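Could you walk me through this model in the viewer, one selection at a time? I would like to know what to click on and what I will find there.

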Amino acid sequence: MSTILLVDDEPQILEILSSYLQKEGYHVLTAQTGKEAVEMATTISLTCIILDLMLPDLSGEEVCVQIRKESRVPILMLTAKSGEADRIRGLTIGADDYLIKPFSPRELVARVRAVMRRAGDYSTLSDFIEVGDLTISMNEKRVTKNGVALEVTPNEYRLLTTLVRYPGRTWGREELVREVMGFDFEGYDRTIDTHIKNLRQKIEVDPKQPEYIKTVYGLGYRFDDPMKK
C-alpha cells in the first residue's frame, strides 16, 4: 500500500485530507511540524509527501530542501502562498507540484496520483543511463557528455530525463510543459522551445542538426538514440 505523509499544522485539514486519501486506498501518516516531517521523511519509506509551507517551526521550503538532500520522494506543496515567485521557488527547490489553498480535495487526489505516476516512471529507470556520448546519473542528477559534466538547470534536467525515458515518442509542447513545470505553470507552452534550444546547445554536437532532440514539425519534439539508427 502506498504511504503518504501529510504535513500541516491545521488539525482540521489533516483530518479532512486523511479521510479523502484513505478512501482512495492510501495509508496516511501525519505531521504538524517541520522537524517531525523531516524525521519521518528520512526514516520511513514514503510514496508521496503533501507539504504545507507555513509550519510553526521550520518553513515548508526549508523542510523541502532538507528532504531533497536525502530523498527523491515526490513532494506536493499545499499552501496559501499564491504568488508567482512563491510557486517558482517551490518548484525550483525540489517540489514536484504546487497547489494553492483553498483547493478541491478531488483535485488534490488527482495531483497526488499524477506526481506518483511520474515518480514511478522515473523509478523504472536505472540510476545510471548511457545514451550515445551522454550519461545521466539519476541519483546525483548529473549529466555528462564524453565524461565532461554539463551545467544543466533543473528544468533542463527534467526535460532531458522526461525525453530520455521514452525514446522515439513524440511529445507535444503542452505535454512537456506539464511534465517539466507542473500543472500550475501559467506561461506559454512555447516556453519549452527555449529550454529545448538551451539543452541542445549543451548536448548536441551541432545544435542546428540535432542528433538527440528532434523537432517533429507541427507536433513537438522527440528523443532519438543516435546509436540505434
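Start by selecting residues 3-116 in this predicted model. The C-alpha atoms at the two ends of that span are 11 Å apart, and the span is 46% helix and 21% strand. The UniProt record, an unreviewed entry, gives residues 3-116 the feature "domain: Response regulatory".

Staying inside that selection, click on Asp52. You will find aspartate 52 in strand β3, which covers residues 48-52. The unreviewed UniProt entry marks Asp52 with the annotation "modified residue: 4-aspartylphosphate". Is aspartate 52 buried or exposed? With a relative accessible area of 2%, aspartate 52 falls under the 20% cut-off and so counts as buried. To see what surrounds it, show the residues in contact with aspartate 52, setting aside those within four places in sequence: Val7, Asp8, Asp9, Gly60, Leu78, Thr79 and Lys101.

Now step along to leucine 53. Leucine 53 lies in the loop between β3 and α3, the latter spanning 60-68. Leucine 53 is buried too, at 1% relative accessibility. Try a distance label here: the C-alpha atoms of leucine 53 and threonine 79 are 5.7 Å apart, although 26 residues separate the two along the chain. Beyond residues up to four places away in sequence, leucine 53 touches Ser59, Gly60, Glu61, Met77, Leu78, Thr79, Lys81 and Tyr98.

Next, colour the cysteines. How many disulfides does the structure hold? The count is 0. Cysteine 48 is in no disulfide, and the nearest cysteine sulfur, that of cysteine 64, is 12 Å away. Cysteine 64 is likewise in no disulfide, its nearest cysteine sulfur being that of cysteine 48. A pair counts as a disulfide when the sulfur atoms are within 2.5 Å, so at 12 Å these two do not qualify. Both positions are worth a look in surface view: cysteine 48 is buried at 0% relative accessible area, and cysteine 64 is buried at 0% as well.

Move on to helix α6, residues 154-164. Here 8 of the 11 residues are buried, so α6 is largely enclosed by the rest of the structure. Highlight the buried ones: Glu156, Tyr157, Leu159, Leu160, Thr161, Thr162, Leu163 and Val164.

Keep α6 on screen and add α8, residues 191-203. The axes of α6 and α8 come within 10 Å and cross at roughly 85°, so the two helices are roughly perpendicular. On the α6 side, the contact uses Asn155, Glu156, Leu159, Leu160 and Leu163. Facing them in α8 are Ile192, His195, Ile196, Asn198, Leu199, Lys202 and Ile203. Sorted by class, this contact has 7 nonpolar, 3 polar and 2 charged residues.

For the last stop, bring in helix α7, residues 173-181, alongside α8. How do their axes cross? They come within 9 Å and cross at roughly 75°, so α7 and α8 are roughly perpendicular to each other. Arg173, Leu176, Val177, Val180 and Met181 of α7 make the contact with Thr191, Ile192, Asp193 and His195 of α8. By class, the residues of the contact of α7 with α8 are 5 nonpolar, 2 polar and 2 charged. Before you finish, select Ile192 and His195: they appear in the contact of α8 with α6 and in the contact of α8 with α7.

Notes. Residues numbered from 1 in each chain as written. Predicted model: local features only at pLDDT ≥ 70, side-chain atom pairs only at ≥ 80, totals over all residues. Heavy atoms only, no water. Buried < 20%, exposed > 50% of the residue type's maximum accessible area, 1.4 Å probe, protein only. UniProt positions renumbered as here; feature names shortened; annotations may be inferred. Helix = DSSP H or I, 4+ residues; strand = E, 2+ residues; numbered from the N terminus. Contact = heavy atoms within 4.5 Å. Axes fitted to C-alpha atoms, helices over the stretch in contact; angles between N-to-C directions. Parallel < 35°, antiparallel > 145°, perpendicular 65-115°, else oblique. Nonpolar A, V, L, I, M, F, W, Y, C, P; charged D, E, K, R; others polar.
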